[in-house]
Amino acid sequence: QVQLVESGGGLVQPGGSLRLSCAASGFTFSSYAMSWYRQAPGKERELVAIISSNGGSTNYADSMKGRFTISRDNAKNTVYLQMNSLKPEDTAVYYCNAYAAWGSFEYDYWGQGTQVTVSS
């Protein structure tokens, strides 16, 4: 079955760094665009970053540009999110997403999330 398993979250001080990982299984990882989303308490889930299936294209939410880097290793079926210069407002549950569409069929998978807390 399809699984997306996030890891790497935790508590970090402002200005610190974390690297999130999302290990995928049960589908053809290299055919899917991968994204990271986040959801803070009381707020809607928002897109953090997205990477194309071959890793050749990336895009970021404005508030993450220059601080976060999304990457993927198709040989390891894993997508990463390197987060630097973390701020308290980055505190949220971070989710991994896999998406693909072929014709009228869409495939959209989510992980269970990993908590990131930025606090002194």
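How many bridges join S3 to S8, and in which sense do the two strands run? Six bridges join them, and the strands run antiparallel. Here strands (E, at least two residues) and helices (H or I, at least four residues) are DSSP runs numbered from the N terminus, and two strands are taken to pair if DSSP finds at least two bridges between them. The structure is a predicted model, in which local features need pLDDT of at least 70, side-chain atom pairs count only at pLDDT 80 or more, and totals for chains, interfaces and linings use all residues. Residues are numbered from 1 along each chain as its sequence is written, and side-chain values use heavy atoms, with hydrogens and water left out.

The protein contains zero helices and 11 strands, and its pattern along the sequence is β-β-β-β-β-β-β-β-β-β-β. Its radius of gyration, taken over C-alpha atoms, is 14 Å, close to the 14 Å given by the globule rule for 120 residues, so the protein is as compact as a globular protein of that length. The globule rule is 2.2 Å times the number of residues to the power 0.38. The C-alpha trace spans about 45 × 25 × 25 Å along its principal axes.

Of the 120 residues, 38% count as buried; buried means under 20% relative accessible area, exposed means over 50%, and partly exposed lies in between (1.4 Å probe, protein chains only). The exposed surface of the protein amounts to about 6,300 Å², of which carbon and sulfur atoms supply 46%. Accessible areas come from the Shrake-Rupley method with a 1.4 Å probe, and for residues only the protein chains shown count as cover. Among contacts (heavy atoms within 4.5 Å) with a separation of 6 or more, 54% are between residues 24 or more positions apart. There are 9 positive and 9 negative side chains, and the centres of the two sets lie 6 Å apart. In this count Lys and Arg are positive and Asp and Glu negative, while His and the chain ends are not counted; the place of a charge is NZ of Lys, CZ of Arg, CG of Asp or CD of Glu.

Strand S8 (residues 78-83) is mostly covered, with five of its six residues buried. In its pairing with S3, Ser21 has Tyr80 of S8 as its bridge partner. S8 also pairs with strand S7 (residues 68-73), in the antiparallel sense and over six bridges; here the partner of Thr69 is Gln82. S7 and S8 form a hairpin with four residues between the strands. Asn77, in the loop between S7 and S8, has a positive phi of about 55° although it is not a glycine. With a relative accessible area of 27%, Asn77 is partly exposed. Ser85, in the loop between S8 and S9, also has a positive phi, near 50°, and is a residue other than glycine. Ser85 is partly exposed, at 41% relative accessibility. Most residues other than glycine have a negative phi.

Strand S9 (residues 92-102) is joined to strand S4 (residues 33-39) by seven bridges, and the two run antiparallel. Within this pair, Met34 is bridged to Ala98 of S9. S9 pairs with strand S10 (residues 105-110) in the antiparallel sense over six bridges, with Phe105 of S10 as the partner of Trp102. The two strands form a hairpin with two residues between them, and Gly103 in the turn has a positive phi of about 60°. S9 further pairs with strand S11 (residues 114-118), again in the antiparallel sense, over three bridges; Val93 has Gln115 of S11 as its partner.

Two loop residues flank S4 in the sequence. Tyr32 lies in the loop between strand S3 (18-25) and S4 and counts as buried, at 5% relative accessibility. Not counting residues up to four places away in sequence, Tyr32 touches Phe27, Ser53, Arg72, Ala98, Tyr99, Ala100, Trp102, Tyr107 and Tyr109. Tyr32 and Tyr107 are 75 residues apart along the chain, and their C-alpha atoms are separated by 8.8 Å. Pro41 lies in the loop between S4 and strand S5 (46-51) and counts as exposed, at 72% relative accessibility. The C-alpha atoms of Pro41 and Thr114, which are 73 residues apart along the chain, are separated by 14 Å.
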